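Hi,

Here is the structure I promised to pass on to you. Have a look first, and my notes on what turned up follow below.

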Amino acid sequence: MKEIKVFAPATVANVTCGFDILGFAVDQPGDEITLRKSNSGKVKIVKITGDGGALPLDTDQNSCGAVIKMFLNDLGTDQGIDIFLDKKMPLGSGLGSSAASSVAAIFAINELVGRPKKLEELLPYAMEGERAACGSGHADNVAPGLYGGFVLIRSYEPLDVIGLKTPNDLYATLVHPHIEVKTKDAREILRKQIYFKDSVKQSGNVAGLIAGLLTSDYGLISRSMHDYIVEPIRSILIPGYDEVKRAVMDLGALGAGISGSGPSIFALSNDHDIANRIAAKMKTIYAGFEIESETYVSKINQSGPKIL
Ligand code: HSE
């Protein structure tokens, strides 16, 4: 194989109560990467489209370039690679944009050189890509991006990632209002310490959400989708947040929250019509604020990256 093109999906991290430990993949949007073998002996970023010129072309500073270089170094090969990245999703959106690029890059290079590593061995590379992009190697975007589905990161040291079965008729609705929130900034504003009582409530909700997903107990999923720690701080950065959340709950969402570090907002529901109605309402609310937005409705993506 001389060339490969791969799509990797957007992801919703945190899922309300699970800061840095819960995330799921959606069918769209996502990023596309094309890798071509070259005789240059170098990893080179040839072209990036769709980023408005925001991403660095320097291989070491770009998460895709850095991840591919690291991977090839570990394999002990000086195979040259030309990278063409097509950003099909907005930066700083809370939809796991940097994760989608890192996942696409590591999945693609592994396939291109004959799949020397197993899928789970690719995760630490994708996490390094996340670290290069936003200063933190959290896995709640890259793990669902790479494996598909809904995942729990039970532990970071050692890394222990668990795939969670989800009900078949679970729908995610996402809205991306056109405002940029950098993950690095959204992490810096968080409190370094939390109250014991908030930790107890949050743990109860994480456990409840997982139990609800595994048993298709929508009432339990709904009761558990509350975040006492991060949402009160980050929601201040998102215009219209409270209004959107109230409206989608009135329309029958099981729960709603900030997607990753925002500004995108997600809602879960167990009915396709409700999911579509939520999308329309989200769009109307942002139009009222004169903020452009995109919406997406998707089941939980179970397949992760795919070769195009
Ligand atoms: N868990 C991360 C955060 C996801 O909320 O900062 C953002 O990429």
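Please keep in mind that this is a predicted model. I'll begin with the pockets, starting with the lining of the largest one: 12 of its residues are nonpolar, 16 are polar and 10 are charged. That makes up a lining of 38 residues, and those nearest the centre of the pocket are G92, S98, A133, C134 and T183. The space inside comes to about 710 Å³. Four helices, α1 (63–75), α2 (97–112), α3 (119–134) and α5 (183–188), each contribute at least two lining residues. Both domain 1 (3–164) and domain 2 (171–299) are represented in this lining, with at least three residues each.

The second largest pocket has a volume of about 280 Å³. It is lined by 15 residues, with F19, D20, L190, I229 and V230 closest to its centre. Nine of the lining residues are nonpolar, two are polar and four are charged. Here too, domain 1 (3–164) and domain 2 (171–299) each provide at least three residues.

Next, the enclosed spaces. Searching the whole structure gives two cavities of 30 Å³ or more. The largest cavity has a volume of about 70 Å³, and its lining includes N14, T16, F19, D227, V230 and Y241. Helix α8 (231–234) and strand β8 (255–258) are the elements that give two or more residues to that lining. By class, the lining has four nonpolar, four polar and three charged residues. Where does the largest cavity lie with respect to the domains? Domain 1 (3–164) and domain 2 (171–299) both give residues to its lining, so the cavity lies between them.

The second largest cavity has a volume of about 50 Å³. Its lining is made of R191, Q193, I194, Y195, D198, Y228 and I229, which divide into four nonpolar, one polar and two charged residues.

Two other features may interest you. Strands β3 (residues 43–49) and β4 (residues 80–86) pair in the parallel sense, over six bridges, and T49 stands opposite D86 in β4. Between these strands the chain passes through α1, and the resulting β-α-β crossover is left-handed.

There are also four aromatic pairs. In one of them, F24 and F266, the ring centres are 6.1 Å apart and the planes stand at 75 degrees, so the pair is edge-to-face. F24 sits in strand β2 (residues 22–38) and F266 in strand β9 (residues 265–269), so this pair links parts of the chain that are 242 residues apart.

Best wishes

Key: Residues numbered from 1 in each chain as written. Predicted model: local features only at pLDDT ≥ 70, side-chain atom pairs only at ≥ 80, totals over all residues. Heavy atoms only, no water. 1 Å grid on protein atoms, 1.4 Å probe; cavity = no way out; pocket = protein on both sides within 12 Å on 5 of 7 lines; lining within 4 Å. Points joined across faces, edges and corners; volume = space filled by probe spheres on them. Nonpolar A, V, L, I, M, F, W, Y, C, P; charged D, E, K, R; others polar. Domains from an automatic or database assignment. Pairing = 2+ DSSP bridges. Right-handed = clockwise from strand over helix to strand, strands pointing away. Phe/Tyr/Trp six-rings, centres within 6.5 Å; stacked < 30°, edge-to-face > 60°.
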